[in-house]
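Here's a quick walk through one protein chain, written for someone who'd rather look than read. Pull up the structure and follow along.

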Amino acid sequence: MPAITSENIIGRAVVAVREHAALRDQPLLLALLEYAPNEKGKLNIANKILHCGDTYTEPEEQDCWGHMPQLSDFFWRHIVIPVRVTGGKTPEPRTRVSRSGVSSAGAFRSPAEMAAVNDLKDLIESASTRDRHRCVISGKVDPEVIANRPGALSRGGTGFEVTRVTHIIPFSLRDSTATTSAGHLPAIWGALECFGGTSLSTLMHGGINALDNVITLSATLHRYFTELQVGLEPIPDAPHTYRVRTWGKVAPRLGLPKTVKLSTASGVPLPNPAYLALHCAICRVLWSSARAEELKEVLEDLEEVTLLAPDGSSANLINMAIYRSLAMES
């Protein structure tokens with residue numbers, strides 16, 4: 001009997017999807033199998049798919065793959081939608097709100113939530129210093145730093161643009177019993193770990209603001225990174241070196257470098273390659289799912305309604321995005 005290998009299991013899952021999944025679900029499930037960032041993630045997805053066929057054991061059961069649509073919807077609801085919807089929802093400390101386009105600290109009504117947001121000040125300063133006050137992809141320097149650090153002008157760069165310290169795994173997915181999205185979190189984190197093939201426990205349990213989960217980007221690239229149109233794909237055997245991946249109609253035309261190498265002179269942790277790999281993989285799944293434009297339309301409709309929860313959790317926005325996205329299937 002031939003040995004059961006990872007390739008064999010993944011191959012069986014691919015065949016199962018092509019033979020038994022609905023046409024709408026095939027692109028998403030195949031993308032999950034192809035773009036999971038490591039072998040463990042691919043195996044996790046493959047086993048979930050094959051388990052759909054093991055749900056029923058009676059030979060007369062006609063539709064033993066009947067759970068395939070639910071599996072597809074589960075990963076769509078708990079990976080793509082939460083990361084896309086909440087990616088740009090990082091609040092900023094009160095001292096930086098005036099130059100921010102994101103959720104302000106004023107949206108947090110409890111003292112505890114306000115304190116949590118203002119604690120981001122040290123994180124923002126540390127990350128900006130680590131990344132030399134410039135976008136790590138475009139190289140553009142934040143002009144705000146020039147007033148206090150004129151020497152920044154002599155360190156090169158490719159122009160100036162306001163920068164934003166951006167969470168890789170979204171801030172809005174933080175573990176907080178005070179948020180109305182708390183009920184979503186176990187399933188979301190479970191799906192992210194399954195697909196990512198790596199433990200995210202440090203992020204789940206209060207570590208969302210770790211330095212290795214943030215990256216400095218220009219305001220332009222912050223938008224496209226959080227909208228899953230720009231990603232950094234780790235290059236094997238090249239520490240902290242990434243291919244710059246782009247999707248959509250605009251990001252590929254921004255003239256971004258093909259590769260970037262992250263470094264620091266301050267000795268603080270660099271962005272975690274596993275987190276960037278997961279983010280990039282989710283980008284690839286979205287744009288291979290044949291649902292990217294559909295989701296964009298859903299979110300554009302939601303922009304007309306203020307749905308951000310009072311505690312900044314974006315729970316209502318996630319719920320509405322899920323509902324409207326799934327409703328478009330019928």
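The notes below start with the whole chain, then turn to a strand pair and an aspartate.

## The chain overall

Keep in mind that this is a predicted model. The secondary structure adds up to 13 helices and 5 strands. Of the 330 residues in the chain, 50% are buried.

If you look at contacts between residues at least 6 apart in sequence, 66% of them link residues at least 24 apart. As for the surface, the chain exposes about 15,400 Å², and 52% of that comes from carbon and sulfur atoms.

## Strands S1 and S2

Take a look at S1 (residues 163-167) and S2: the two run antiparallel and pair over 5 bridges. Within that pairing, arginine 164 of the chain sits opposite leucine 217 in S2.

S2 covers residues 214-218, and 5 of its 5 residues are buried. In a regular strand, side chains alternate between the two faces of the sheet. Here, Val214, Thr216 and Ser218 point one way from S2, while Ile215 and Leu217 point the other way, and all are buried.

## Aspartate 25

Now head over to the loop between helix H1 (6-20) and helix H2 (26-35), where you'll find aspartate 25. Why does aspartate 25 count as buried? Because its relative accessibility is 5%, and the cut-off for buried is under 20%.

Leaving out residues up to four places away in sequence, aspartate 25 touches Pro69, Ser72 and Arg291. Its side chain makes a polar contact with the side chain of serine 72 at 3.2 Å, and another with the side chain of arginine 291, at 3.2 Å.

Notes. Residues are numbered from 1 along each chain as its sequence is written. This is a predicted model: local features need pLDDT of at least 70, side-chain atom pairs count only at pLDDT 80 or more; totals for chains, interfaces and linings use all residues. Side-chain values use heavy atoms; hydrogens and water are left out. Buried means under 20% relative accessible area, exposed over 50%, partly exposed in between (1.4 Å probe, protein chains only). Helices (H or I, at least four residues) and strands (E, at least two) are DSSP runs, numbered from the N terminus. Two strands pair if DSSP finds at least two bridges between them. A polar contact is a pair of N or O atoms within 3.5 Å; within protein, one must be able to donate a hydrogen and the other to accept it, and residues adjacent in sequence count only if both atoms are side-chain atoms. Contact means heavy atoms within 4.5 Å. Accessible areas come from the Shrake-Rupley method with a 1.4 Å probe; for residues, only the protein chains shown count as cover.
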